[in-house]
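Me: I'd like to look closely at one part of this structure and then see how the rest fits around it. Could you take it slowly and keep it connected?

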Amino acid sequence: MPDPAVRRVVEAAARKGVDLRVVLLGATTHTAEDAALALGVELGQIVKSLVFVAPRDGAGHEPVLCLVSGVNRVDIARLAAVVGEPAIRRATAREARDLTGFTIGGIPPVGHAHAVRVVMDPDLGRHREVWAAAGTDRAVFPVAPATLRALTNAVMAPIADEPIAGGPPAGTADAAGSAPHAASSSGPDS
Ligand code: 5CA
C-alpha cells in the first residue's frame, strides 16, 4: 500500500481494531456520483466526508466532520443546532486540507491529522454496507454503518436538508435497494 495518505487511514482504523479492505479504483472519484458509478452501488451507499468549521475566538477554527449519505445535502442550520455552533460554515478546500491532512475528493472518515468532532447522517444506516474515501480520490473502503460510527466516535443526528421520500424508516438494514433515491446534482454538496 504505497500511498501514505491511504496508509494513515488504514493504520488509524487498525488502532481501533478494524481491518479495512481498501479498494483502489481505476479512475478518480472526486464526488459521490463518481464513486457510486465506479463501484456499481447506490448513491446512498457513498459516504460523503464533508468538513465544516466553527470559528474559535483568537484560536482559528474547530473542524467538524459530517459523514453524509451520497443522496443527501447538509442543512447548515440543522448542523449548527446539532453541534451548538451558530457560526459554523463549510470549510474552504485549503482549510479542509490543513485541518484534516487530506485533499478534498479523498477526505476519509478516520485518520485525520487532528481530533475532530464527527456527525453522522442516520440515512447511512439504511444500507448494510457503505463506502467511504480512504485518503485519496482513487481509494475507497466498504464498512458497515455501525462500524463506521464506532470508528469515528460519531454522533448520529439528522443534518440533511430533506428526508428521502418513499423509503422505509432510517436505520433499517433491509432498506438497501428499495428507496427511490433522487440524486441532487446541483450545488457543491452533491
Ligand atoms: N471520493 C469521493 C467519494 S467517497 C468523495 O470524497 N466525495 S466527498 O463528497 O466526500 O467529497 C467531495 C465533496 O467535497 C464535494 O461533493 C463537495 O461537497 C466538496 N467540495 C468540493 N470542492 C470544494 C471546495 N472548494 N470547498 C469546499 N468543499 C468542496
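How many bridges join strand β3 to strand β5, and do these strands run parallel or antiparallel?

Reply: Sure. One caveat before we start: this is a predicted model. Four bridges join β3, residues 61-69, to β5, residues 117-120, and the two strands run parallel. If you want a place to put your finger, try leucine 65, whose bridge partner in β5 is valine 118.

From there, follow β5 to its pairing with β8. β8 is a short run, residues 155-156, and β5 pairs with β8 in the parallel sense over two bridges. Valine 119 is the residue that stands opposite valine 155 in β8.

Valine 119 also leads us to a helix. Leaving aside neighbours within four places in sequence, valine 83 is in contact with Val119, as well as with Val64, Ile88 and Arg117. Valine 83 is found in helix α3, residues 76-83. With 19 other C-beta atoms within 10 Å, valine 83 is partly exposed, since being buried takes 20 or more. Valine 83 and alanine 54 are 29 residues apart in sequence, but their C-alpha atoms are 9.4 Å apart in space.

On the β8 side, have a look at asparagine 153. This residue is found in the loop between α5, residues 145-152, and β8. Asparagine 153 has a positive phi of about 55°, although it is not a glycine. Its 13 C-beta neighbours inside 10 Å make asparagine 153 partly exposed. C-alpha to C-alpha, asparagine 153 and valine 110 are 9.8 Å apart, with their positions 43 residues apart in sequence.

Now over to β6, residues 130-133. In a regular strand the side chains alternate between the two faces of the sheet. In β6 both faces are covered: Val130 and Ala132 are buried on one side, and Trp131 and Ala133 are buried on the other. Two bridges join β6 to β2, residues 46-55, and that pair runs parallel. Here valine 47 stands opposite alanine 132. β7, residues 139-143, also pairs with β6: four bridges join them, and they run antiparallel. Tryptophan 131 has proline 142 as its bridge partner in β7. β6 and β7 form a hairpin with five residues between them, and in the turn glycine 135 has a positive phi of about 115°.

Stay on tryptophan 131 a moment. Not counting residues up to four places away in sequence, tryptophan 131 touches Ala35, Leu39, Val41, Gln45, Ile46, Val47, Val140, Phe141 and Pro142. One of those, Ala35, is also a buried residue of helix α2 (residues 32-39), along with Ala32 and Ala36. Seen down the axis of α2, the buried residues fall within an arc of 100°, so they line one face of the helix. What they pack against is β2, β6 and β7. Just after α2, glycine 40 takes a positive phi of about 70°.

The ligand picks up several of these elements again. It is surrounded by 24 residues, and the closest are Ala35, Lys48, Ser49, Ala93 and Ala133. The elements that give two or more residues to this shell are α2, β2 and β6, with β2 giving the most, at four residues. By class, the shell has twelve nonpolar, eight polar and four charged residues.

What about the nonpolar core? The largest one has 49 residues, and those with the most contacts inside it are Phe52, Cys66, Leu67, Trp131, Ala132 and Ala134. β2 supplies the largest share of this core, six residues.

Finally, zoom out to the whole chain. Its secondary structure comes to five helices and eight strands, in the order α-β-α-β-β-α-β-α-β-β-β-α-β along the sequence. Of the 190 residues, 41% count as buried. Among contacts with a separation of 6 or more, 69% are between residues 24 or more positions apart.

Methods:
Residues numbered from 1 in each chain as written. Predicted model: local features only at pLDDT ≥ 70, side-chain atom pairs only at ≥ 80, totals over all residues. Buried ≥ 20, exposed ≤ 12 C-beta atoms within 10 Å, placed from the backbone. Pairing = 2+ DSSP bridges. Arc of directions from axis to C-beta. Contact = placed C-beta atoms within 7 Å. Near = placed C-beta within 6 Å. Nonpolar A, V, L, I, M, F, W, Y, C, P; charged D, E, K, R; others polar. Core = buried A, V, L, I, M, F, W, Y, C linked by C-beta atoms within 7 Å.
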